[in-house]
Amino acid sequence: MNMPDPQMMTKEWMAQISNPEQWKTWFNMVPQPQGNPIAGILQDAGASIKPEAIEQLKNAYVAKLTGLWADFMAGKAPQLKDRRFAAPAWHASPLSAFNAAAYLLNAEFLSAMADAVEATPHQKQKIAFAVQQIVDAMSPANFLATNPDAQQTLIETKGESLAKGLSNMLADMGKGRISQSDESAFEVGRNVATTPGTVVFENALFQLIQYTPTTATVHQRPLLMVPPCINKFYILDLQPENSLVRYAVEQGNTVFLMSWRNPDLSMQHLTWDDYVEQGVIEAIRVTQDISGQEKLNMFGFCVGGTIVSTALAVLKARGENPAASLTLLTTFLDFCDAGALDVFIDEPQVALREQSLAKGGLMSGRDLGSTFSSLRPNDLVWNYVQSNYLKGKEPPAFDMLYWNGDGTGLPGPMFCWYLRNTYLENSLKVPGKLTVAGEQVDLSSIDAPAFIYGSREDHIVPWGAAYASTALLNPKKPKANRFILGASGHIAGVINPASKKKRSYWSNDAGKGARTAKAKPLTAEQWMEGATEYVGSWWPEWAAFLAEHGGAQVKAPGKPGNKRHAAIEPAPGRYVKVRAD
């Protein structure tokens with residue numbers, strides 16, 4: 001291979017560290033097109049780095065870069081442990097291996113600079129997030145000119161990979177998002193969201209599905225499931241082998257589920273109150289009417305759990321207590337730790353959203369999807385840039401990622417209320433601070449046993465924040481709360497079918513009842529210290545909880561709905577098939 005002129009490369013690389021003016025540009029945080037990429041970020045935040053910290057970073061960087069260059073000149077290959085550079089082509093080319101190693105060193109340096117910033121904790125978090133976005137985008141794996149694996153594919157396919165990659169990119173530009181799955185492999189109602197059932201009610205906000213029983217008898221009390229309105233419900237009903245809905249039906253539950261409508265401009269003025277009153281409370285009324293049962297097993301996933309809990313507190317203030325039990329999966333009630341999303345939550349950012357959306361408008365599903373993708377850019381953005389565009393490959397068929405690309409929007413007023421009163425001000429947990437649907441909200445008033453689940457690696461709802469619900473619900477009856485911790489993340493931890501016996505979960509049954517109403521609650525760390533790990537899915541634990549609070553066994557309903565709520569159409573219904581803009 002033709003090696004570059006070592007003297008020229010040395011001059012170019014070492015100019016970065018030997019020229020005092022270059023260092024001055026970098027370390028005085030002077031923003032310019034070819035200066036330090038985080039200079040502008042620090043300037044905007046009004047942050048700085050102490051001179052002594054800069055000097056230490058400089059000396060460490062120079063030493064490591066000098067050593068890396070010496071190894072390169074001596075023919076010693078660098079160790080590339082980053083999975084982005086795992087392909088053999090990166091190691092076969094000394095120059096490519098050096099470029100990758102130099103990038104990793106620069107990434108380490110920029111991250112260390114962000115960590116050394118003098119700023120408030122929230123500012124540091126925002127700066128670190130912005131720097132990480134830059135670092136991830138700068139990877140040589142993201143560009144054809146510096147990705148030897150993509151170049152090798154180009155040669156092997158005689159240019160076909162490049163043509164296909166361009167075609168993939170143009171198609172995604174038309175859709176306004178990166179394709180993460182082979183979308184032609186799935187169709188809602190055909191091979192995802194296929195559990196048999198019937199839409200028995202609809203209004204402008206949601207459809208209510210009643211699923212067809214598969215057992216001769218069922219628990220007397222039905223299960224009402226409320227999925228997140230930020231995503232479509234069928235994450236809970238993907239394919240038969242990983243459908244939580246189908247599993248609940250098979251366990252002898254009469255299952256009702258809300259399918260939120262993807263809002264259009266006719267819904268742009270809807271509020272949080274509407275999602276509570278016209279949404280969950282209306283679904284409770286209809287489920288009670290069809291089933292003939294006053295008490296229901298209630299279920300909420302993510303923001304669906306936040307809305308369910310708010311609705312139950314509103315009903316309690318009105319003298320009603322419809323919940324026989326409450327299941328909350330990866331749900332915030334106490335927004336003490338907003339996880340990775342915290343970088344988007346501060347007064348200026350929330351005020352900006354309120355200025356544009358609080359009086360009407362839509363928060364688009366595309367924008368929401370981009371926000372969540374930015375939290376894990378290497379997995380949800382750059383991985384697909386490299387595969388789909390640089391190598392011209394088709395994304396694989398994966399039901400969870402198909403669902404992930406099928407998002408929904410939110411009405412502006414509802415979204416703004418949610419941001420300010422929960423994420424920003426954390427007011428929902430304070431008894432009586434918020435008024436919803438004309439009632440003061442007090443989560444501690446909800447009188448129902450609670451099954452609370454968190455995922456150990458959840459970056460959306462950190463498990464400690466999910467655990468914090470145990471201090472808000474049933475404060476005088478701590479034994480009524482049960483917390484389960486599952487392995488994996490926000491989605492994969494929840495969708496862990498019992499039949500596959502994968503992953504694990506943690507339970508602390510001893511800790512559950514180890515305190516009295518007057519005793520100090522266990523912290524999340526204390527709970528984990530006393531927890532026991534079990535191999536397999538947590539779903540059977542939940543099924544047992546539902547059975548405990550499901551009432552007597554009765555004959556399964558012969559048909560869906562009743563005289564007041566006749567069948568409208570087969571599940572999954574029309575609403576779930578409307579795609580976001």
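A search of the whole structure, which is a predicted model, finds zero disulfides. The sulfur of Cys229 has its closest cysteine sulfur in Cys302, at 8.8 Å, which is too far for a bond, given that a disulfide requires two cysteine sulfur atoms within 2.5 Å. Cys229 counts as buried, its relative accessibility being 3%. Cys416 likewise takes part in no disulfide, and the nearest cysteine sulfur to that of Cys416 belongs to Cys229, 14 Å away. With a relative accessibility of 3%, Cys416 also counts as buried.

Cys416 is one of the buried residues of helix H17, a segment that spans residues 412–424. Twelve of the 13 residues of H17 are buried, so this helix is largely enclosed by the rest of the structure. The buried set begins with Gly412, Pro413, Met414 and Phe415, continues through Cys416, Trp417, Tyr418 and Leu419, and is completed by Arg420, Asn421, Thr422 and Tyr423. Three residues of this set, Trp417, Tyr418 and Tyr423, are also linked by ring pairs with Trp272, Phe332 and Phe335 into a cluster. After H17 comes Asn426, at which phi is positive, with a value near 50 degrees. Lys429 is placed in the loop that runs between H17 and strand S12 (435–436), and with a relative accessible area of 32% this lysine is partly exposed. When neighbours within four places in sequence are left aside, the contacts of Lys429 are with Leu333, Asp334, Leu443 and Leu472. Between Lys429 and Lys295 the separation is 134 residues in sequence and 25 Å in space, taken from C-alpha to C-alpha.

The strand architecture includes an open sheet of eleven strands with mixed pairing, arranged in the order S17-S16-S15-S14-S9-S8-S6-S7-S4-S3-S19. Strand S17 (532–535) and strand S19 (569–570) are the edge strands, each of them pairing on one side only. Within the sheet, strand S6 (residues 223–226) and strand S8 (residues 296–301) run parallel and are joined by four bridges, and in this pairing Val226 has Gly300 of S8 as its bridge partner. Helix H12 (residues 303–317) lies across S6, S8, strand S7 (255–260) and strand S9 (323–329), and runs at about 140 degrees to S8.

Antiparallel pairing is found towards the S17 edge. Three bridges connect strand S15 (residues 481–486) to S16 in the antiparallel sense, with Leu485 standing opposite Trp506 of S16. On its other pairing, S16 is antiparallel to S17 over four bridges, and Ser504 stands opposite Val535 in S17. The side chains of S16 are divided between two directions, Ser504 and Trp506 pointing one way and Tyr505 and Ser507 the other, although all of these residues are buried. The ring of Trp506 has Arg456 lying over its face, at 4.7 Å from the ring centre.

Aromatic contacts recur elsewhere in the model, which holds 31 aromatic pairs in total. Phe85 and Tyr103 form one such pair, with an edge-to-face arrangement in which the centres are 6.1 Å apart and the planes stand at 75 degrees. Because Phe85 lies in the loop between helix H4 (51–73) and helix H5 (88–92), whereas Tyr103 belongs to helix H6 (residues 94–115), the pair ties together parts that are 18 residues apart in sequence. Both partners are buried, Phe85 having a relative accessible area of 0% and Tyr103 a relative accessibility of 7%.

A further pair is formed by Tyr505 and Tyr534, whose ring centres are 5.4 Å apart and whose planes meet at 25 degrees, so that the pair is stacked. Tyr505 lies in strand S16 (residues 504–507) and Tyr534 in strand S17, and the pair thereby links distant parts of the chain, 29 residues apart. The two rings belong to residues in distinct accessibility classes: Tyr505 counts as buried at 7% relative accessibility, whereas Tyr534, with a relative accessible area of 36%, is partly exposed.

Methods:
Residues are numbered from 1 along each chain as its sequence is written. This is a predicted model: local features need pLDDT of at least 70, side-chain atom pairs count only at pLDDT 80 or more; totals for chains, interfaces and linings use all residues. Side-chain values use heavy atoms; hydrogens and water are left out. Two strands pair if DSSP finds at least two bridges between them. Contact means heavy atoms within 4.5 Å. Axes are lines fitted to C-alpha atoms, for helices over the stretch in contact, and angles run from 0 to 180 degrees between N-to-C directions. Rings of Phe, Tyr and Trp (its six-membered ring) pair if their centres lie within 6.5 Å; planes under 30 degrees apart count as stacked, over 60 as edge-to-face and the rest as tilted. Buried means under 20% relative accessible area, exposed over 50%, partly exposed in between (1.4 Å probe, protein chains only). A charge sits over a ring if NZ of Lys or CZ of Arg is within 6 Å of the ring centre and within 35 degrees of the ring normal.
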